[in-house]
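Thank you all for making the time this morning. I would like to walk through one model with you, and I will begin with a single residue before moving outwards to the rest of the chain.

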Amino acid sequence: MTTFFTSAEVRNAVELLASRSLIRLVTEIDDNGAIPPRRLSGTLPDLSSHQLRRTTETARAHGLVRVVPGAGLELTESGSELADLYDAAARWARRHAYPAPVCEFSSRIRHVLDLLAPSLATERADSLLRPSAARLPSDEAEADLARPRALLIQWLAGNPQVTGVSESEPVA
């Protein structure tokens, strides 16, 4: 399955999906279940109340989380699939010590998304290439990127709202 997007769509999607606060919210819910809204700040103490509010609004607007009465914020099917994509990207990055042998989880995901972005765009714009995408550890690492790339393409194709360009879209 080969689906290509415009450079603007890829940039927009990567900026949203690589948001540290979104990664934290999605993976926390995936790992530990629904979070009652009043417990968000205690569950994610490294994020400010402003970051939490914007991230929650963004995640809800893009159909990644929903509020379930009596349970709190939980992942939608789309949010669960995104958590799987994050896990695959982080596993690849850990296996290949990318971008470094020791690195924060959200940073690994951002670097992998940055690395994949140029291969998803219909036009190969140099502006999409970031410094983190300049080096691959090995040919084996390139071959192993097939799974995260396929998951990303599949996820983006199933979630076109994420690739749309919107000026009002908050990215925390």
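**Starting from T76**

If we set aside its neighbours within four places in sequence, T76 is in contact with G63, L64, V65 and R66. I should say at once that this is a predicted model, and I ask you to hear everything that follows with that in mind. T76 itself sits in the loop between β2, residues 72-75, and α5, residues 77-95. Is T76 buried or exposed? Its relative accessible area is 13%, which is under the 20% limit, and therefore T76 counts as buried. Its side chain also has a polar atom that lies 3.1 Å from the backbone nitrogen of G79.

**The hairpin**

Two of those contacts of T76, V65 and R66, bring us to the neighbouring strands. Strand β1, residues 65-68, pairs with β2 in the antiparallel sense, and the pairing runs over four bridges. Within that pairing, V67 stands opposite L73 in β2. The hairpin has three residues between its strands, and there G70 takes a positive phi near 85°.

R66 deserves a second look, since besides its contact with T76 its side chain meets that of E74 in a salt bridge, with an N to O distance of 2.9 Å. R66 is partly exposed at a relative accessible area of 40%, and E74 is likewise partly exposed, at 22%.

**Salt bridges along the chain**

How many salt bridges does the model contain in total? The count comes to nine, and I will take two further examples in some detail, both of which link distant parts of the chain.

In one of them, the side chains of E15 and R110 meet at 3.4 Å, N to O. E15 belongs to helix α1, residues 7-17, and R110 to helix α6, residues 105-120, so that the pair joins positions 95 residues apart. E15 is partly exposed, with a relative accessible area of 29%, and R110 is also partly exposed, at 25%.

In the other, the side chains of D46 and R20 meet at 2.6 Å, again N to O. Here D46 lies in the loop between α3 (40-43) and α4 (49-61), while R20 lies in helix α2, residues 20-32, and the two are 26 residues apart. D46 counts as partly exposed at 36% relative accessibility, and R20 does so at 31%. This pair does not stand alone, in that R20, R24, D46 and E104 are linked in a network of salt bridges.

**Helix α2 and the core**

Having met R20 in α2, let us stay with that helix for a moment. It has 13 residues, and at 1.5 Å a residue these should span 18 Å; the C-alpha atoms at its ends are 18 Å apart, so the expectation and the model agree. Its buried residues are S21, L22, I23, L25, V26, T27, E28 and I29. Just after α2, G33 takes a positive phi of about 90°.

As a general point, nonpolar side chains in soluble globular proteins tend to be buried together. In this model the largest nonpolar core has 48 residues, and those that touch the most other members are L17, L82, Y86, W92, L152 and L156. At least two residues of this core come from each of α1, α2, α4, β2, α5, α6 and α8, the last of these being residues 146-158. Which element supplies the largest share of the core? That is α5, with nine residues. To take one of the residues already named, L152 touches L17, L85, L113, L116 and L120, not counting residues up to four places away in sequence.

**The loop between α5 and α6**

I will finish with some backbone geometry, and with a reminder that most residues other than glycine have a negative phi, and that most peptide bonds are trans. The loop between α5 and α6 holds A97, whose phi is positive, near 50°, although the residue is not a glycine. A97 counts as partly exposed, at 27% relative accessibility. P99 is found in that loop too, between α5 and α6, and the peptide bond that joins Y98 and P99 is cis, with omega about 5°.

Notes: Residues are numbered from 1 along each chain as its sequence is written. This is a predicted model: local features need pLDDT of at least 70, side-chain atom pairs count only at pLDDT 80 or more; totals for chains, interfaces and linings use all residues. Side-chain values use heavy atoms; hydrogens and water are left out. Buried means under 20% relative accessible area, exposed over 50%, partly exposed in between (1.4 Å probe, protein chains only). A polar contact is a pair of N or O atoms within 3.5 Å; within protein, one must be able to donate a hydrogen and the other to accept it, and residues adjacent in sequence count only if both atoms are side-chain atoms. Contact means heavy atoms within 4.5 Å. A salt bridge is a side-chain nitrogen of Lys or Arg within 4 Å of a carboxyl oxygen of Asp or Glu. Two strands pair if DSSP finds at least two bridges between them. A nonpolar core is a set of buried Ala, Val, Leu, Ile, Met, Phe, Trp, Tyr and Cys residues joined through side-chain atoms within 4.5 Å. The expected span of a helix is 1.5 Å times one less than its number of residues.
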